[in-house]
Amino acid sequence: LGFIFIIFFLSLGMNSKYPPKGIEWSRRWNLEAEIGIASVSAAAHLFPLKLKSSTIIQDQGMHLKLLLVESSKKASSSNEKKKGSEEEEFDPLAPETAEKTLIIRDSVFEEKYAILLNKFPVFAGHSLLVARGSSTQMPPQNAVLTRQDLDALHRCALAARAIAFYNSHPEAGSSQPHRHFQFVPMASIDTKHKPPIYSALDSLEPEIWRWSSKAPYVPIVRRLPAFNEIEHGIVKLPDRATYKIDFQDSTTFAHALLRAYIAIATDIGLLKQKHTDDFFFDQTQFHINNHPSLQIDLPYNLLLTTDFILLVRRSKSKALVQVPFTAMNSEEEEHFFSSSVATSWTLPLNGLAFAGTIAVNDQSLYNFLSSSSSSSPLLALLKDVSTRSSHSYHGR
């Protein structure tokens, strides 16, 4: 009898097609630990920003974190070497040509991606999920995201206890044409292990999850009151285990992520309904993966955690900060005039800014933005680089 049970369970394992082999498909995967080990080994090759000061600013019910940072001298030296290099075709994100010390895993998720350390990390553990191959052999950075993209990124966020983000276009903060995504362990951003945007999530009414295998998942696109003037949409996500119980199929959560992404992208005008009709409600095969030419020309940022997926439409890559002299005291005015320091700055912002963390490298700018005399300074920066919202906030 015992022998029969052994054969039975072995047959179940042999017939199981999902998840594929590999620790990255398991909820036991500790990517956070792998990043920590790799960061120690590659310390001499990383050029992190040096944090000089930070402060929390509360703005329209949301806590935002302002950082004063300084680039390391070796980072400046590395940039100079890049400018003088004759290797214009060099792709720093291709696993085949990337610095070996930066590679955490050279092949994951059915050999479609690799995981690298960011050479210029904003926070400790700042990492990249990159598509394998050369940039000429893959969809462009602004191609519509696939089910595999979202599933892989969500699994990285889960295993690294991280917030993941994606910059679709140079106007959204992307600096490399190679298809890539980024994620940062939450503990690196805040000691409470939650980035500042979670303070804005508290304003949303809780949802009761009622998923059923008899009905397809329909995501509910909502809006954050703090972003009420910004074109955006957010979908709160349940735990992956919910789908394993309700649908008896681990792939279903990947379907749900894609549905949420497409729903938000359509809702805020990134995709037209006619582009989504062919694949949006196809339960068996998402034809979106057969449309590598389907691109989203409008720039946007995506943020993804185990709790939510957020998309924000962008209008430009840099915010303009102008300091009115009425906001300065006489001593500051004298300093600005006597030292010829500019009273305006352009500040590049990528997707991480919408998680509520904004870094500046100028002491005068930091002083102005962190002063109580300036009204809504950090949210004003986010609004300046975003498309104006066409929706009205109704409390959902």
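Helix 2, spanning residues 31-41, has L31, I35, A38 and S39 as its buried residues, where buried means under 20% relative accessible area, exposed over 50% and partly exposed in between (1.4 Å probe, protein chains only). These four sit on the same side of helix 2, because they cover an arc of only 105 degrees around the axis, the arc being that of the directions from the helix axis to the C-beta atoms. Flip to the other side of helix 2 and you find I37, V40 and S41 exposed.

A quick note on the model: it is a predicted one, with local features needing pLDDT of at least 70 and side-chain atom pairs counting only at pLDDT 80 or more, while totals for chains, interfaces and linings use all residues. Residues are numbered from 1 along each chain as its sequence is written, and side-chain values use heavy atoms, leaving out hydrogens and water.

So what do the buried residues of helix 2 pack against? Their partners are strand 3 (103-108), strand 4 (113-117), strand 5 (127-131), helix 4 (147-160) and strand 7 (180-185). Helices (H or I, at least four residues) and strands (E, at least two) are DSSP runs here, numbered from the N terminus. The protein has 12 helices and 13 strands, and 47% of its 396 residues count as buried. With contact meaning heavy atoms within 4.5 Å, residues 24 or more positions apart make up 71% of the contacts with a separation of 6 or more.

On to the charged pairs. A salt bridge is a side-chain nitrogen of Lys or Arg within 4 Å of a carboxyl oxygen of Asp or Glu, and the count by that rule is 11. Three of them are tabulated here, among them one from helix 2.

| Salt bridge | Closest N and O atoms |
|---|---|
| E34 and R105 | 2.9 Å |
| R155 and D151 | 3.3 Å |
| E229 and K383 | 3.3 Å |

E34 lies in helix 2 and R105 in strand 3, so their salt bridge ties together parts 71 residues apart in sequence. R105 itself is partly exposed, at 23% relative accessible area.

R155 and D151 stay within helix 4, four residues apart, or about one turn of the helix. R155 counts as buried at 8% relative accessibility, and D151 counts as buried at 7%.

The E229 and K383 salt bridge links distant parts of the chain, 154 residues apart: E229 is in the loop between helix 6 (198-201) and strand 8 (232-236), and K383 is in helix 12 (residues 377-384). E229 counts as partly exposed at 31% relative accessibility. Salt bridges that share partners join E229, K383 and R388 into one network.
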